[in-house]
Amino acid sequence: MHAASRFLIALCYLPAVAGANELLTVYDRALTQDATLQAAGHARDAAAQAYPQARAALLPQLSAGYGYAYTDSETELQGQPPQTRDGTNRSLDVTLNQALFDWSAFQQLDQASQQVALADSQYLAARQDLALRVAQAYFGVLSANDTLRSATAENEAVGRQLEQAKERFEVGLSAITDVQEAQARFDLTVAQLIDAERAVQAANEALVEITGARAAGVSQLQDEIPLPAPAPADSAAWVDAAREGNLALLGSRYIVAAAEAGVKVARGAHLPTVGARASYSDSTSETGVFPADTTQESYGVQVTLPLFSGLAVQSRVHQARSTLEQRRSELDGTVRNVERQTRDAYQAVVAGAARTKALKQAVVSSRTALEASETGLEVGTRTAIDVLNAQQQLYLAERNYLQARYDYLLAVLTLKAVAGRLGRDDLAEIDALLVAAS
């Protein structure tokens, strides 16, 4: 088993629970509903016709023609009585041509095969991109729901603090500034709650755009998810894998191969072409001086040698060479871009795991700080503002931690995508980390 595959499998050592398969359901629906993927499929199907069209030039070419004419004529010569002739003329012609040697046609066939391969790679890239977009959109929904739950909890917690501040003020245990501060924080949480509700709607609409329907249920990530480092733990190994499997890079190689064939096609205009020809004709004439029936068969080989075309062939060869150099330069740029993306994706996974662990500890520390502030408020060593600040810090840390988990998983999928290995199985492994929302 490839190390990169073991990396994602390591994410799934926890058993699947309620809510699993929802991400896969969303992805399967997107395969049939996403407009971008459907367009890519039609583009692939259209490009696939380049090969049979190029092959047609090397296959037999058969044509037939039939003619029918009725003629009524009158000829009047000096000193002679008028002569009238009428009748029908019929003709049937059948011609068969077969290319025996046509260098340009053979190279055009090779060029067409590269174009078809390019279209296939672009469609595979679109499918892979769809998997990543589905994960991003689906995690966007889950993250928005997490934020809404957190904003609701913070609003309720600050509301309780506001009520306590009012009660303490009424009995003379706190100043009016505590009430005002609590009221200001409560109003802020109301605004945050409105933003969170709007974010949930926007996230759902983004998912609908891809799948054509809303998710059937609402899931969330398990409380504890594994955070393995990339395997192999070497960015150079991932770069090597991306050089071989990255679909954008593969497409660029097909483009270069097609341009190389284009140079050969242009050079082929200097070479002779050889073709076989067979024809059959059958004609009947009733309007001539002597009515006749004629049948003719012919077979032969024709050689055509271009001698001079006003330097047009040389110009097309230079043009094709320049296009080839352009494609090679673009390939070099794509290689460098893929290498950079792979290193960035690798570092995103490593940093994402470390950041998630740090934010998880920040939640623990923030919760401890809030408990200390609440205890201090009771004994008079802390103020209500200290408690409000601690609450705000705790909920901010929780939201950052929840988002960091999605960022880490998306970084894992992105790394697989850059390496050209992202597919349904990878989403299934991530899907096993989902549970039904509480």
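This briefing covers the largest pocket, the nonpolar cores, one arginine and two backbone features. The model is predicted. Its largest pocket holds about 270 Å³ of space. Its largest nonpolar core has 62 residues. A cis peptide bond precedes Pro232, and Leu311 has a positive phi.

**Largest pocket**

- The lining of the largest pocket consists of 15 residues.
- Closest to the pocket centre are Gln220, Asp223, Tyr401, Leu402 and Arg405.
- Four elements each supply at least two lining residues: helix H5 (103-170), strand S3 (219-221), helix H9 (312-379) and helix H10 (384-418).
- H10 provides the largest share of the lining, with five residues.
- By residue class, the lining has eight charged, five nonpolar and two polar members.

**Nonpolar cores**

- Within the largest nonpolar core, of 62 residues, the most contacts belong to Leu130, Val134, Tyr138, Phe139, Leu409 and Leu427.
- H5 contributes the most to this core, giving 13 residues.
- A second core stands separate and has 10 residues. Among them are Leu370, Leu377, Leu394 and Ala404.
- H5 thus appears under two topics: it supplies at least two residues to the pocket lining, and it gives the most to the largest core.

**Arg277 and its surroundings**

- Arg277 sits in strand S4, which spans residues 273-285.
- Arg277 is classed as partly exposed because its relative accessibility is 40%, between the cut-offs of 20% for buried and 50% for exposed.
- Leaving out residues up to four places away in sequence, Arg277 touches two stretches of chain: Thr95, Leu96 and Asn97, and also Ser298, Tyr299 and Gly300.
- One of these residues, Asn97, makes a side-chain to side-chain polar contact with Arg277 at 3.4 Å.
- Ala99 lies 178 residues from Arg277 along the chain, yet their C-alpha atoms are 8.8 Å apart.

**Backbone features in loops**

- The peptide bond between Ala231 and Pro232 is cis, with omega at about 5°.
- Pro232 belongs to the loop that runs between S3 and helix H7 (235-245).
- Leu311 has phi near 65°, a positive value in a residue that is not glycine.
- Leu311 is placed in the loop between strand S5 (292-304) and H9.
- The elements beside these loops recur above: S3 and H9 each supply at least two residues of the pocket lining.

Technical notes:
Residues numbered from 1 in each chain as written. Predicted model: local features only at pLDDT ≥ 70, side-chain atom pairs only at ≥ 80, totals over all residues. Heavy atoms only, no water. 1 Å grid on protein atoms, 1.4 Å probe; cavity = no way out; pocket = protein on both sides within 12 Å on 5 of 7 lines; lining within 4 Å. Points joined across faces, edges and corners; volume = space filled by probe spheres on them. Nonpolar A, V, L, I, M, F, W, Y, C, P; charged D, E, K, R; others polar. Core = buried A, V, L, I, M, F, W, Y, C linked by side-chain atoms within 4.5 Å. Buried < 20%, exposed > 50% of the residue type's maximum accessible area, 1.4 Å probe, protein only. Contact = heavy atoms within 4.5 Å. Polar contact = N/O pair within 3.5 Å; in protein donor to acceptor, adjacent residues only side chain to side chain.
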